[in-house]
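Subject: The structure you asked about

Hi,

Here is the structure I promised to pass on. Have a look at it first, then read my notes underneath.

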Amino acid sequence: MPFYGYYFDPTYILVIIGAVICLIASARVKSTFKKYDKVRSMSGMTGAQAAERILHSAGIYDVSVQHVSGSLTDHYDPRNKTLRLSDSTYGSASVAAVGVAAHECGHAIQHQKSYAPLSIRGAIVPVANFGSAIAWPLIIVGLFITSRTGSLLINIGILCFSLAVLFQLVTLPVEFNASNRAIRILGETGILGEEELRGTRKVLGAAALTYVAGAAASILQLLRLIFLFGGRDD
């Protein structure tokens, strides 16, 4: 069926759906952060100051808090125990900035307590990165080989891509748990008041949706690969 094979691929709808979901989630987190970035916390603590206090209150003194350029590029690096806060977080005393800083502290606490999903995610990072990089080359090469070898390469490529999807799925409980820890600690330490916490929940909730959207997009892409090539028979 030439029309289907060369000009029209209905499985593209899965890619489009995934892209739309990611765009909506990204727009949501940016607009929510922008809204609460204008609300100054009553404590007056910056993201960096809040991070230091949270870490110390958890008995963590070997994690350094550093500044990193960019917007919403905040992350915790367990390899060298470094918490990096972006331009929009490090020196800002907004409710949004404090919430994001607390979320990253949540990852540091997970690391300290050997939180199982975080450990699993760290363990599969190398294979997930390798799988993501090699998946499409294997599939493309397999398409040009009209033999069982070609089918085998395609199936291996799909399997490799599934490793990247697995990473996305394991990331979900890690991120949700970090946000829950952040909200609880911010309330217990009094860094944010109850009204401020409501705003922080919205910021972190919107951020969590980006991970859900990423996972959904990856699953849709995997389904597309399976629909297109999973049943290939030479």
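Below is what I found, going from the whole chain down to single residues.

A quick word on the ground rules. This is a predicted model, where local features need pLDDT of at least 70 and side-chain atom pairs count only at pLDDT 80 or more, while totals for chains, interfaces and linings use all residues. Residues are numbered from 1 along each chain as its sequence is written, and side-chain values use heavy atoms, with hydrogens and water left out.

**The whole chain**

You'll find 8 helices and 3 strands in the chain. Helices here are DSSP runs (H or I, at least four residues), strands are E runs of at least two, and both are numbered from the N terminus. Read from the N terminus, the order is α-α-α-β-β-β-α-α-α-α-α. The C-alpha trace spans about 65 × 35 × 25 Å along its principal axes.

Of the 234 residues, 46% are buried. Buried means under 20% relative accessible area, exposed means over 50%, and partly exposed is in between (1.4 Å probe, protein chains only). As for contacts (heavy atoms within 4.5 Å), take those between residues at least 6 apart in sequence: 72% of them join residues at least 24 apart.

**Helix α5 and its partners**

I'd start with α5, residues 95–112. Its 18 residues reach 26 Å from the first C-alpha to the last, close to the 26 Å expected at 1.5 Å a residue. (The expected span is 1.5 Å times one less than the number of residues.) How many of its 18 residues are buried? The count is 16, and α5 is mostly covered.

Now for its packing. Two packed helices are described by the angle between their axes and the distance between the axes. The axes are lines fitted to C-alpha atoms, for helices over the stretch in contact, and angles run from 0 to 180 degrees between N-to-C directions.

With α7 (residues 148–189), the axes come within 7 Å and cross at roughly 115°. That makes α5 roughly perpendicular to α7; the label covers 65 to 115 degrees, while under 35 is roughly parallel, over 145 roughly antiparallel and the rest oblique. The crossing of α5 and α7 is right-handed, meaning the near helix is turned clockwise from the far one by less than a right angle, whereas anticlockwise would be left-handed. On the α5 side the contact includes Val 98, Gly 99 and Ala 102, and on the α7 side Val 174, Glu 175 and Asn 177 are among the residues met. By class, this contact has 8 nonpolar, 7 polar and 2 charged residues. Here Ala, Val, Leu, Ile, Met, Phe, Trp, Tyr, Cys and Pro count as nonpolar, Asp, Glu, Lys and Arg as charged, and the others, Gly among them, as polar.

With α3 (residues 47–57), the axes come within 8 Å and cross at roughly 35°, again in a right-handed crossing. Gly 47, Ala 50, Ala 51, Ile 54 and Leu 55 of α3 take part, and their α5 partners include Ala 97, Val 98 and Cys 105. This contact has 11 nonpolar residues, 1 polar and no charged ones.

**Two other helices to look at**

The 42 residues of α7 should span 62 Å at 1.5 Å a residue, and its end C-alpha atoms are 62 Å apart, which agrees. After α7 comes Gly 190, with a positive phi near 75°.

Helix α2 (residues 12–36) has 25 residues and reaches 37 Å, close to the expected 36 Å. Its buried residues include Leu 14, Gly 18 and Phe 33.

**Single residues**

- Arg 224 lies in α8 (residues 194–230). Is Arg 224 buried or exposed? It is buried, at 7% relative accessible area. Beyond residues up to four places away, Arg 224 touches Asp 9, Thr 11, Tyr 12, Leu 14, Val 15 and Trp 136.
- Tyr 211 is also in α8, but is partly exposed at 32%. Apart from neighbours within four places, Tyr 211 contacts Thr 171, Leu 172 and Glu 175.
- Lys 81 has a positive phi of about 50° although it is not a glycine. Lys 81 sits in the loop between β2 and β3 and is partly exposed, at 31%.
- Ser 114, not a glycine either, has a positive phi of about 55°. Ser 114 is in the loop between α5 and α6 and counts as exposed, at 55%.

Cheers

Note on methods:
Expected span 1.5 Å × (residues − 1).
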